[in-house]
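I opened this notebook to keep track of what I looked up, one entry at a time, for someone who has not met this structure before.

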Amino acid sequence: MRRAGLAVVAAAALAAGPPLAAQPGCPPGVLASGGPPPRGAVSDDVLWADFARWSRGLPRLEGNASVDLGRCFVRRLLSAGIDSGDASRRFRRVLDLRSRTIERERLFWDTRFRLGGGPRDPLPLLVDAVAAMRPGTALDAGMGLGRNAIHLASRGWRVTGYDFSREAIAGAQAAARQRGVAITAVTSTHEAFDHGANQWDLIVVSYTAIGPLDAAWPAKLSTALKPGGLLVYQGAARLGTTSAEVRRHWAPLAMLRLDVFPAGEDWLEGGDEPTVKFVAQKPRGGR
Ligand SMILES: C[S@@+](CC[C@H](N)C(=O)[O-])C[C@H]1O[C@@H](n2cnc3c(N)ncnc32)[C@H](O)[C@@H]1O
């Protein structure tokens, strides 16, 4: 199963970052979590069990504090005396293993959100797209900590956001309370969520596991939109993806704006996978 761009989020940060010795410290509770890591050659099962133990013991960072998952996982191994080559290899292996099952993928995201998550400002693409719109019903698919959902709610939209990470849902609810806005937050996978029919004036898909060329989604999301409703999409694509392919793939919707940039942005800043951004509308006569 392809998780467009998401696997590289942490890998890019690890590869692009300064040398480990120069990186800002991870809090002691993060380094100590999970107890001593296993030594020597470790099997995939032992490695994943160690990652899971580390993740489940992590303190949730408060407020806007955020540390990099990959760097802290590696630093924990270094501080236990594991050499840097082996530590980096173990983390790359974790990135590979995480996408093998939905439970692992969920645990990976729970871990990221325990450690503070990603960008906090709403996507400029979304902010621009809704600036002149009358608020209605909105769905945020894979909303994470709810930066986009909360922006919409603060402008009067009735927003439902879902995510499979319980940490994300708890974080989004807390952030909405803090901003004094109401959102409906649902714990669900993309696959299990009932997107409905003719239900939403706006759907937001922002850097989640719905790739710009993944099958099924154009039909599902265009059915879910009300006639005249908008889909605002931003995320990573495979290298070489063209705007013509994206336009063809989302043919049930009318493209109002479409850009394919050659490099990563936002969650994927520093990565080299292209960024796809579009705003598309369900035809007014559409069903
Ligand atoms: C890169 S974050 C983006 C979060 C948010 N949309 C944003 O732009 O800040 C990816 C999000 O997708 C969620 N996610 C990944 N796979 C999912 C799935 N199969 N079902 C539901 N949510 C998923 C993760 O938990 C995470 O919150």
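Entry one, a residue in a loop. I began with Tyr207, which has its place in the loop between S4 and H10. I was working on a predicted model, and I looked up the backbone angle there: phi of Tyr207 is near 55°, a positive value in a residue other than glycine. Is Tyr207 buried or exposed? I count Tyr207 as buried, because 25 other C-beta atoms lie within 10 Å and the cut-off for burial is 20 or more.

Entry two, another positive phi. I found that Asp266, which is not a glycine either, has a positive phi of about 55°, and I located Asp266 in the loop between S6 and strand S7 (275-281). Asp266 has 18 C-beta neighbours inside 10 Å, so I noted it as partly exposed.

Entry three, the sheet. I traced seven strands that form an open sheet with mixed pairing, and I wrote down their order as S3-S2-S1-S4-S5-S7-S6. Which strands are at the edges? They are strand S3 (184-187) and strand S6 (254-261), each of which pairs on one side only. Ignoring direction, I noted that neighbouring strands of this sheet are turned by 10° against each other on average.

Entry four, one strand pair. I followed strand S1 (residues 137-141) alongside strand S2 (residues 158-163), and the two pair in the parallel sense over five bridges. Within this pair I marked Thr137, which stands opposite Arg158 in S2, and Asp140, which stands opposite Gly161 in S2. I also checked how covered S2 is, and five of its six residues are buried.

Entry five, helices on the sheet. Helix H9 (residues 166-179) packs on the sheet, where it touches S2 and S3, and its direction makes about 170° with that of S3. Helix H10 (residues 217-224) packs on the sheet as well, touching strand S4 (200-206) and S5, with its direction at about 140° to that of S5.

Entry six, the nonpolar cores. I looked up the largest nonpolar core, which has 50 residues, and those with the most contacts inside it are Ala172, Ile203, Leu231 and Val232. Strand S5 (residues 225-236) gives the most to this core, with six residues, and the core draws at least three residues from each of domain 1 (7-114) and domain 2 (124-281). Which residues does Ile203 contact, leaving aside its neighbours within four places in sequence? I listed Leu139, Ala141, Leu221, Ala224, Leu225 and Leu231. I then noted a second, separate core of 14 residues, which includes Trp54, Phe73, Val74 and Val94.

Entry seven, the two domains. The domain assignment of the chain gives domain 1 (7-114) and domain 2 (124-281), and 28 Å separate their centres, taken over C-alpha atoms. I noted that the contact takes eleven residues from domain 1 and 14 residues from domain 2. On the side of domain 1 that touches domain 2, the elements that give two or more residues are helix H1 (7-16) and helix H6 (102-114), and the largest share, six residues, comes from H6. Sorting that side of domain 1 by class, I wrote down eight nonpolar, no polar and three charged residues.

Note on methods
Residues numbered from 1 in each chain as written. Predicted model: local features only at pLDDT ≥ 70, side-chain atom pairs only at ≥ 80, totals over all residues. Domains from an automatic or database assignment. Contact = placed C-beta atoms within 7 Å. Helix = DSSP H or I, 4+ residues; strand = E, 2+ residues; numbered from the N terminus. Nonpolar A, V, L, I, M, F, W, Y, C, P; charged D, E, K, R; others polar. Core = buried A, V, L, I, M, F, W, Y, C linked by C-beta atoms within 7 Å. Buried ≥ 20, exposed ≤ 12 C-beta atoms within 10 Å, placed from the backbone. Pairing = 2+ DSSP bridges. Axes fitted to C-alpha atoms, helices over the stretch in contact; angles between N-to-C directions.
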